[in-house]
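Visitor: I am new to this structure and should be grateful for a close look at a single part of it. Please begin with one pairing and lead me outward from there.

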Amino acid sequence: MRKRGILQCIFIVSLVILLINTLKINVVKNNLSFSNSNVELAIYLDDEQTNRIPSKDSGYYLDLEKSTCTNNANIYFDTNTWSPVIKNMSEYKIRCELHFGSTYKETILNGTDPVLEEPLIPVTIDNDGTVRKTSLANEWYSYENKKWANAVILFDENETYEDGEIISEEKIESYFVWIPKYRYQLWDLGLYDTATQIDESKVHEISIIFGDYTTLDEREGECTTPMKSGSTGNCQIGDYMTHPAFLSISSTGFWVGKFETGYKGATNITEAEQNINDSSRIIVKPNVYSWRNIQVANAFYSSYNYQRNLDSHMMKNTEWGAVTYLQHSVYGSATSVRINNNSDYITGYQANDESICDEGDTSEDCNRYCNDNSCNLAYPNSVLASTTNNISGIFDMSGSWNYVMGVMVDQNGSPYSGRNSLYNSGFNGPFGCPDCDNDTSGLTELTNGYDWPEEKYYDLYYYADTNSSKYSNRILGDATGELGPFESIDNSLQRNSWYKGIGYSLTRSYPIFNRGSSNQFAFSYAHSGNQTNRVFRMILTPTNTI
């Protein structure tokens, strides 16, 4: 008996030492952090007590609803250090429980399942638009069945919901949809310098392979992703290539705004036309007024400051390309996205019929504009305007022009600010056409605006000493040059081969991209100033899970 008691004592001491050395508990008190080995910690895996925290790649998630502490302390989990964090500790000795549950993962995603971090809440959306908080243990997405993962951010980030509980629309500030990292098969290298004639046979289902793997080295059937505009690197038609949108982020994918960015509090069109930098005005919701008439720099920094812990930013041109290629794969609708033809620029709408007229024709029988509800449907009945043809997809990819972060550089490699002092992005830089539009300021560059952010937040396109479209000035994956060949109608309207979408490459006078007017594959140039028909879209790239 004495020997057995000694062995038991040794085991208990060893377990305590193991927990202290392995867990490295971090206690936050009065905004200060310090290690505390006296916290009693109980660990559960699927409600079974254990003596170890599961490893990062074990497939478990922290169930915050079950994880609690005594004496009103709160327990969180730092996925950078993979260790618990205790906050609001009022007593020195407390007892905390960490509950881990098995996380649902979809096999075909090959490790690119959604990355969640506060304040994102994973949800499912019923066909009638009802939003429910979901358990991470449930099958809450299935890309194989065109059901994309959705998450929301609440106006009050301190509110909590039980699994399965309905989250009312008035509580939701923003909706987001997960785009998993993938490789796609090249079908066209986009080396078109001039317009010829469109080839509608080019439209096809894009082949995609999900996976947290980057084609950095040449392998059989794969190629290195060329990040410079105009470059093909070692890629050939038929190769698989990691989509470039995933190369500048430390995540297995990104969250994209489910709708165009709206202006919080706007009750009419005019109130949503605000050229300001104010992240507190951002909402991403259906049936709200889109935020328009805003310069690119104000749109970017409003987006940038929205959720810094989630690396929020304004959508890049390559990120737009990543969404459209996924949409046109077996995992999306793989058809033309129905246009949002609401004439009041309200998000989430769908035209009853396909648009039958070219850009610039505003007559109602073209289905491009609708002044009443007789020729369109509002969300949630607008699923033909979704990237999946169901409620889980992304809306408003066709309708308004969306400014994206893709800009031409001058001869010295500096991004253009815009056309001139009258029409520019608000970012510092040279003007592409300082004397145009009767600009008498004498200025050749903007110097009192915003500095450009880190390069990972925008795509650079090489200088083209011409004011006509040069389609080879593309980045593979951005859904511009690869959509060729192109044609010009009456030397005015330029179209690409994919659903006859508008197709204009960047020029010195119009050095920034906008996307999505006539369909999801439309692209055009812009002077980047504030315009009443320009909107923007949000991206989140969290790197940690909770």
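In strand 13, which residue is the bridge partner of valine 131?

Guide: The bridge partner of valine 131 in strand 13 is isoleucine 167. The model is a predicted one, in which local features need pLDDT of at least 70 and side-chain atom pairs count only at pLDDT 80 or more, while totals for chains, interfaces and linings use all residues. Residues are numbered from 1 along each chain as its sequence is written, and side-chain values use heavy atoms, with hydrogens and water left out.

Strands and helices here are DSSP runs numbered from the N terminus, a strand being E over at least two residues and a helix H or I over at least four. Valine 131 belongs to strand 11 (residues 131-133), which is joined to strand 13 by two bridges in the antiparallel sense. Two strands are said to pair if DSSP finds at least two bridges between them.

The wider setting is an open sheet of eight strands in the order 13-11-10-12-14-18-33-21, with antiparallel pairing. Its edges are strand 13 (166-167) and strand 21; each has a single partner strand, so one side of each is left without a neighbour in the sheet. Helix 3 packs on this sheet, where strand 14 (172-180), strand 18 (253-257), strand 21 and strand 33 are touched by the helix. Contact requires heavy atoms within 4.5 Å. The direction of helix 3 makes about 90° with that of strand 18; such angles run from 0 to 180 degrees between N-to-C directions, with axes fitted to C-alpha atoms, for helices over the stretch in contact.

A further sheet follows. Three strands form an open sheet in the order 16-15-17, again with antiparallel pairing. Strand 16 (208-210) and strand 17 (240-242) are the edge strands, each pairing on one side only. From one strand to the next, the twist averages 25°. Strand 15 (residues 182-185) runs antiparallel to strand 17 and is joined to that strand by three bridges; tyrosine 184 has methionine 241 of strand 17 as its bridge partner. Helix 3 (residues 317-327) packs on this sheet, touching strand 15 and strand 16, and its direction makes about 70° with that of strand 15.

Beyond strand 17, in the loop that leads to strand 18, is histidine 243. Histidine 243 is buried, with a relative accessible area of 0%; buried means under 20%, exposed over 50% and partly exposed in between, for a 1.4 Å probe and protein chains only. Residues touched by histidine 243, not counting those up to four places away in sequence, are Tyr182, Arg183, Tyr184, Thr318, Gly321, Ala322, Tyr325 and Gly477. Its side chain reaches the backbone oxygen of glycine 477 at 2.6 Å.

One more helix may complete the view. Helix 2 (residues 296-304) has nine of its nine residues buried, so it is largely enclosed by the rest of the structure. The buried residues include Val296, Phe300, Tyr301 and Tyr304. Among the elements that cover them are strand 21 (313-314) and strand 33 (538-540), two strands that also have places in the eight-stranded sheet. Strand 20 (282-283), strand 24 (401-408) and strand 30 (512-515) contribute to the covering of helix 2 as well.

Conventions. A polar contact is a pair of N or O atoms within 3.5 Å; within protein, one must be able to donate a hydrogen and the other to accept it, and residues adjacent in sequence count only if both atoms are side-chain atoms.
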